[in-house]
Amino acid sequence: MFKWVFKFLSFTLAVWIVSLLTIIREYRAHNRVVFSTKNDLYEQALEKFRRKFEPMNISSEFRAWQILPIQNTGLTDGEIKKIIKNYEYPPGAEGKPVILNDQLRYYIRQDIHKGWRDYGFNSFVSDLIPINRTLADPRGEWCKTQNFSSDLPKATVIICFYNEAWSTLMRTISSVLNRSPSHLVEEVILVDDFSDKDHLKKKLDDYVRDTPKIKLIRATKREGIIRARLLPIEDVKTPVIIYLDSHCECADGWLEPLLQCIKEDPTRVVSPVVDHIHDTTFEYISQTIDELRLGGFDWNLKFEWIGVPRAVIEKRTNIYAPIATPTISGGLFAIHKDFFKKIGYYDKGLEIWGAENLELSFKTWMCGGSLEIVPCSHVGHIFKKKIPYEGTQKIITRNHVRLAKVWLDEYAKFFFERIGNDLGDYGNISSQIELRKKINCKSFKWYLENIYPQLELPDENIANGAIFSIGNPGLCLDAHVPSVNNDDTVKLLPCHFQGGDQFWTYSLQGEIKRDHLCLDYLFNTITLIFCRNAASQVWLYNGTTQVIRHKKTKQCLNIGNFPEGLKLVLSECSHSSSQKWVMEHFNSEKLTPLVQNELTQRHNLTTLTEKNKIL
Ligand SMILES: [Mn+2]
């Protein structure tokens with residue numbers, strides 16, 4: 001009897017040990033770092049390449065690797081010729097667009113739709129373009145003649161991806177390797193943020209194993225772009241870290257000017273000019289120096305591109321010199337490892353995506369560094385139509401609340417009123433507050449005054465908040481900003497008092513604004529477009545009579561009853577309650593003499609018109 005029990009127990013123990021070992025092995029396998037080694041496969045490929053392109057001088061291992069990843073569209077050359085309208089060989093060379101024919105077979109249309117769905121761009125077109133396609137040199141003439149230090153610091157390029165298309169990922173890597181002096185790039189570290197696409201599994205492992213200088217790290221669970229970027233940080237052996245998105249193309253000479261800045265001062269965080277790679281045609285559209293844009297943000301804490309202030313332009317002696325920017329767009333930048341460490345990398349409490357670029361921007365400036373765009377360095381980027389992360393808006397808002405709580409001081413209120421002061425659960429921020437104290441960072445007031453003086457503060461306005469109707473209680477002015485180009489009419493929707501699409505400011509100049517957009521009356525429509533100091537954007541609100549008069553047409557903002565429903569219109573001013581509005585937090589004491597004058601003049605004028613009518 002005892003013998004049987006003993007046998008049973010030892011058997012259980014053995015099973016237990018084996019499973020444990022398997023679990024450990026599996027775990028390590030998933031968490032493994034695949035180092036690239038020069039092996040037979042690579043040598044064979046190199047040989048083949050040399051035979052094929054005999055007359056070409058292969059200067060380094062760097063250039064030879066290009067042959068390895070050839071994307072497979074499953075189409076013959078003849079078929080490809082039929083598909084592309086502006087066919088030239090090879091497609092997309094010199095960064096030119098690839099335009100598809102209007103009439104395409106059903107299965108190709110399906111492929112194109114799938115690409116858009118999966119990646120947010122036309123991956124079908126990307127697959128038709130060689131991975132090592134050529135680009136026209138986007139740099140200004142001065143940049144091409146610039147000399148760099150002979151001892152520039154080395155860089156590690158980190159590329160994080162989540163379910164990226166094969167050809168765009170490969171083209172990113174290819175452009176880094178082919179357009180950088182090889183001694184300046186120590187390695188390219190790919191970080192897979194737990195992708196589930198097949199082509200990013202064994203196929204990618206094999207590619208990495210066969211390619212020099214490439215390393216792959218896989219997250220064992222979904223980390224989000226913020227934590228994924230930090231995964232390889234301990235492995236970085238070089239002074240400089242460069243982050244790139246996984247759908248980029250580096251142009252000629254992109255690297256050296258970035259490294260030069262950091263060599264001169266390791267507290268400089270620098271970003272290349274971000275050129276556009278068209279999401280449909282893959283045309284490389286480079287920004288000229290006159291089109292140079294800086295990074296800003298609005299009080300929704302949304303990043304936006306802003307113009308270079310006139311005062312700054314006038315002071316610049318060399319238009320190609322690096323230029324200070326309040327913020328960066330986030331995906332593409334170079335930073336010294338030690339400075340990144342000093343400012344605490346990213347706040348690890350930020351989830352998935354969003355706000356990390358502003359966090360980095362604010363703390364760089366506030367904690368002793370500077371943030372610059374380097375006009376001589378160009379990197380193209382596909383601005384995706386869709387972000388491949390789910391449930392993001394809630395997460396982004398949470399991240400923004402964290403960001404505001406840690407860095408915005410008394411200015412945080414401007415963001416909070418945009419979200420109806422509903423902060424939700426934003427996690428523990430004590431370590432971030434501590435860091436800010438420890439490294440002695442400046443105030444947000446200092447940042448706004450010195451780095452981003454052009455940002456308007458909402459409390460300089462006469463009113464801010466919702467604008468709601470008296471005649472139709474519960475209806476508010478509403479405009480959805482991202483769709484401003486397609487559907488730019490201002491609507492009447494039930495009030496929610498949560499800021500967002502119903503948040504307005506009434507400026508000292510009499511504009512009804514949302515950040516840089518103004519309420520305007522164009523082509524008989526009340527619309528929201530860029531503020532441009534125009535008379536048609538001036539609205540005169542009288543806190544007593546509660547009417548909003550349009551300066552240019554001398555008519556009043558009214559709610560019209562149409563068969564299709566209630567609509568915002570301009571009508572002759574009357575005392576009808578449908579013309580009465582409340583502007584939240586309206587402070588009549590802030591009315592400038594200018595607006596006040598207009599208000600009284602207008603009043604007299606209407607009285608006159610009314611008299612005329614009676615007569
Ligand atoms: Mn991107």
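**Group meeting: strand 5 and its surroundings**

Let me start with one pair: Ile159 stands opposite Leu244, a residue of strand 5. Keep in mind that this is a predicted model.

Which strand does strand 5 pair with in the parallel sense? That is strand 2, residues 155-161, and the pairing runs over five bridges. Strand 5 also has an antiparallel partner, strand 12, residues 333-336. Four bridges join those two. One of the bridge pairs there is Ile241 with Ile335 of strand 12.

Now, why is strand 5 largely enclosed by the rest of the structure? Because five of its five residues, 240-244, are buried. Take the two faces in turn. Val240, Ile242 and Leu244 lie on one side. Ile241 and Tyr243 lie on the other. Both faces are covered, and all of these residues are buried.

Stay with Ile242 for a moment. Leave out residues up to four places away in sequence, and Ile242 touches Ala155, Val157, Leu258 and Ala334. Several of these names come back in the largest nonpolar core, which has 100 residues. Its members with the most contacts inside it are Val157, Ile159, Val188, Ile242, Leu258 and Ala334. There is also a second, separate core of 37 residues. Among its members are Ala463, Phe503, Trp504 and Cys518. As general background, nonpolar side chains in soluble globular proteins tend to be buried together.

Next, another sheet. Five strands form an open sheet, in the order 14-18-19-20-21, with antiparallel pairing. Which strands sit at the edges? Strand 14, 463-465, and strand 21, 525-530, each of which pairs on one side only. On average, neighbouring strands in this sheet are turned by 35° against each other, direction ignored. Inside the sheet, strand 18, residues 504-506, pairs antiparallel with strand 19, residues 512-514. Two bridges hold that pairing. Tyr506 stands opposite Ile512 of strand 19.

On to a helix. How many residues of helix 14 are buried? The count is 11 of 11, over residues 356-366, so the helix is mostly covered. That list of buried residues includes charged and polar names: Glu356, Asn357, Glu359, Ser361, Lys363 and Thr364 are in it. Leu358, Leu360, Phe362, Trp365 and Met366 are in it too. After helix 14 comes Gly368, with a positive phi, near 95°.

Then a loop residue, Ile99. Where is it found? Ile99 is in the loop between helix 4, 77-83, and helix 5, 106-119. Is Ile99 buried or partly exposed? Partly exposed, because it has 15 other C-beta atoms within 10 Å, and buried would take 20 or more. Setting aside neighbours within four places in sequence, its contacts are Ile84, Lys85, Asn86 and Thr281. Look at Asn86 in particular. Ile99 and Asn86 are 13 residues apart in sequence, yet 6.0 Å apart in space, C-alpha to C-alpha.

Last, the whole chain. The protein chain has 19 helices and 26 strands. It has 615 residues, and buried residues make up 39% of them. Now count contacts with a separation of 6 or more: 75% of them are between residues 24 or more positions apart.

To recap: strand 5 pairs with strand 2 in parallel and with strand 12 in antiparallel fashion. The two cores have 100 residues and 37 residues. That's it from me.

Terms used
Residues are numbered from 1 along each chain as its sequence is written. This is a predicted model: local features need pLDDT of at least 70, side-chain atom pairs count only at pLDDT 80 or more; totals for chains, interfaces and linings use all residues. A residue is buried if 20 or more other C-beta atoms lie within 10 Å of its own, exposed if 12 or fewer, and partly exposed in between; C-beta atoms are placed from the backbone. Two residues are in contact if their C-beta atoms, placed from the backbone, lie within 7 Å. A nonpolar core is a set of buried Ala, Val, Leu, Ile, Met, Phe, Trp, Tyr and Cys residues joined through C-beta atoms within 7 Å. Two strands pair if DSSP finds at least two bridges between them. Axes are lines fitted to C-alpha atoms, for helices over the stretch in contact, and angles run from 0 to 180 degrees between N-to-C directions.
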